[in-house]
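Biologist: I have a model open here and would like to know the reasoning behind the labels people attach to it. Could you walk me through it?

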Amino acid sequence: MKFYKSLNVKAYGVKMNEKEVYEKIVDWVRDYNPDIVVITGHDSFNKRKDNSYQNSPSFIKAVQQVREYEKSQDKLIVIAGACQSNYEELIKAGANFASSPKRINIHALDPAIIASSIALSEKNKSIDLISLIEKTKYGSDGIGGIITMGTMYVGYPR
């Protein structure tokens with residue numbers, strides 16, 4: 001939250017157990033009416049245990065819940081996942097950006113970097129996907145996504 005504040009990006013944070021986020025996510029989206037939703041926390045991938053994920057199933061359900069509420073990926077931008085999350089399934093569920101294509105640990109601020117960059121990008125102009133992802137600590141190994149529009153209205157004079 002300090003990172004968003006340092007960039008003058010209006011943000012609200014909710015702390016809860018990752019396994020419960022999908023139960024409340026639509027209520028929060030209704031209450032706060034955001035342009036961008038970040039669904040993150042802790043996750044892990046266990047190759048030895050049937051290729052299982054600790055929290056990806058909950059993150060996927062949360063993205064699905066958000067997409068049932070708002071289907072348009074331009075009207076509501078979703079950034080989802082954490083360290084070693086199931087990138088492909090998060091994208092299939094409707095996330096604009098997700099971690100982790102190479103199942104690596106990401107930096108805690110990577111989702112915030114993506115969210116704030118989109119928040120500060122001009123509305124109705126596509127972001128430069130590759131340069132945006134390169135702003136994160138591990139680049140396309142840690143996070144990936146789809147071409148997305150910015151959310152900021154630009155006026156003159158400011």
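**From labels to values**

Modeller: Happily, and let me begin with one residue: A119 has a relative accessibility of 17%, and it counts as buried. Please keep in mind that this is a predicted model.

Biologist: What makes A119 count as buried at 17% relative accessibility?

Modeller: The cut-off for buried is under 20% relative accessible area. A119 comes out at 17%, so the label applies. A119 is found in helix α5, and, not counting residues up to four places away in sequence, A119 touches V9, I36, T151 and M152. The C-alpha atoms of A119 and V9 are separated by 7.2 Å, with the two residues 110 places apart along the chain.

Biologist: How do you know that S116 is buried?

Modeller: S116 has a relative accessible area of 3%, and buried means under 20%, so S116 qualifies. S116 is also found in α5. Leaving aside neighbours within four places in sequence, S116 is in contact with F3, Y4, L7 and V9.

Biologist: What makes the pair formed by the side chain of S116 and the backbone oxygen of I113 a polar contact?

Modeller: The distance from that oxygen to a polar atom of the S116 side chain is 3.3 Å. The limit for such a pair is within 3.5 Å, so the value fits.

Biologist: Where does helix α5 lie, and how does it run?

Modeller: Helix α5, residues 110–119, lies across β1, β4 and β5, and it runs at about 180° to β1. Angles between N-to-C directions go from 0 to 180 degrees, so a value of about 180° means that α5 and β1 run in opposite directions. Helix α3 lies across β1 and β4, running at about 175° to β4.

Biologist: Is S56 in α3 buried or exposed?

Modeller: S56 sits in α3 and has a relative accessible area of 1%, so under the 20% cut-off it is buried. Its side chain reaches the backbone nitrogen of N86 at 2.9 Å, which is within the 3.5 Å limit for a polar contact. Beyond four places in sequence, S56 is in contact with D43, S85 and N86.

Biologist: How do you know that the length of helix α2 agrees with what a helix should span?

Modeller: Helix α2 has 12 residues, 21–32, and at 1.5 Å a residue it should span 16 Å. The end C-alpha atoms are 15 Å apart, which agrees. In α2, V21, I25, V26 and V29 are buried. Seen down the axis of α2, the buried residues fall within an arc of 135°, so they line one face of the helix.

Biologist: What do the two sides of α2 meet or carry?

Modeller: The buried residues pack against β1 (36–39) and α3 (56–69). The face turned away from the buried side carries the exposed residues E23, R30 and D31.

Biologist: Why are β1 and β6 called edge strands?

Modeller: The sheet is open, with 4 strands in the order β1-β4-β5-β6 and mixed pairing. β1 and β6 (144–145) each have a single partner strand, so one side of each is left without a neighbour in the sheet.

Biologist: What makes β4 and β5 a pair?

Modeller: Two strands pair if there are at least two bridges between them. Strand β4 (residues 77–80) and strand β5 (residues 97–98) have 2 bridges, in the parallel sense, so they meet the requirement. A80 stands opposite A98 in β5.

Biologist: What stands out in the backbone angles of N8, N33 and Q84?

Modeller: Most residues other than glycine have a negative phi, and most peptide bonds are trans. Phi of N8 is near 60°, while N33, just after α2, takes a positive phi of about 50°. Q84, in the loop between β4 and α4 (87–93), has a positive phi of about 65°. N8 is exposed at 73% relative accessible area, because exposed means over 50%; Q84 counts as buried at 19%.

Biologist: Which peptide bonds are cis?

Modeller: One is the bond from S99 to S100, with omega near 0°; S100 lies in the loop between β5 and α5. Another is the bond from Y156 to P157, with omega near -10°, and P157 is in the segment after β6.

Terms used. Residues numbered from 1 in each chain as written. Predicted model: local features only at pLDDT ≥ 70, side-chain atom pairs only at ≥ 80, totals over all residues. Heavy atoms only, no water. Expected span 1.5 Å × (residues − 1). Buried < 20%, exposed > 50% of the residue type's maximum accessible area, 1.4 Å probe, protein only. Arc of directions from axis to C-beta. Contact = heavy atoms within 4.5 Å. Polar contact = N/O pair within 3.5 Å; in protein donor to acceptor, adjacent residues only side chain to side chain.
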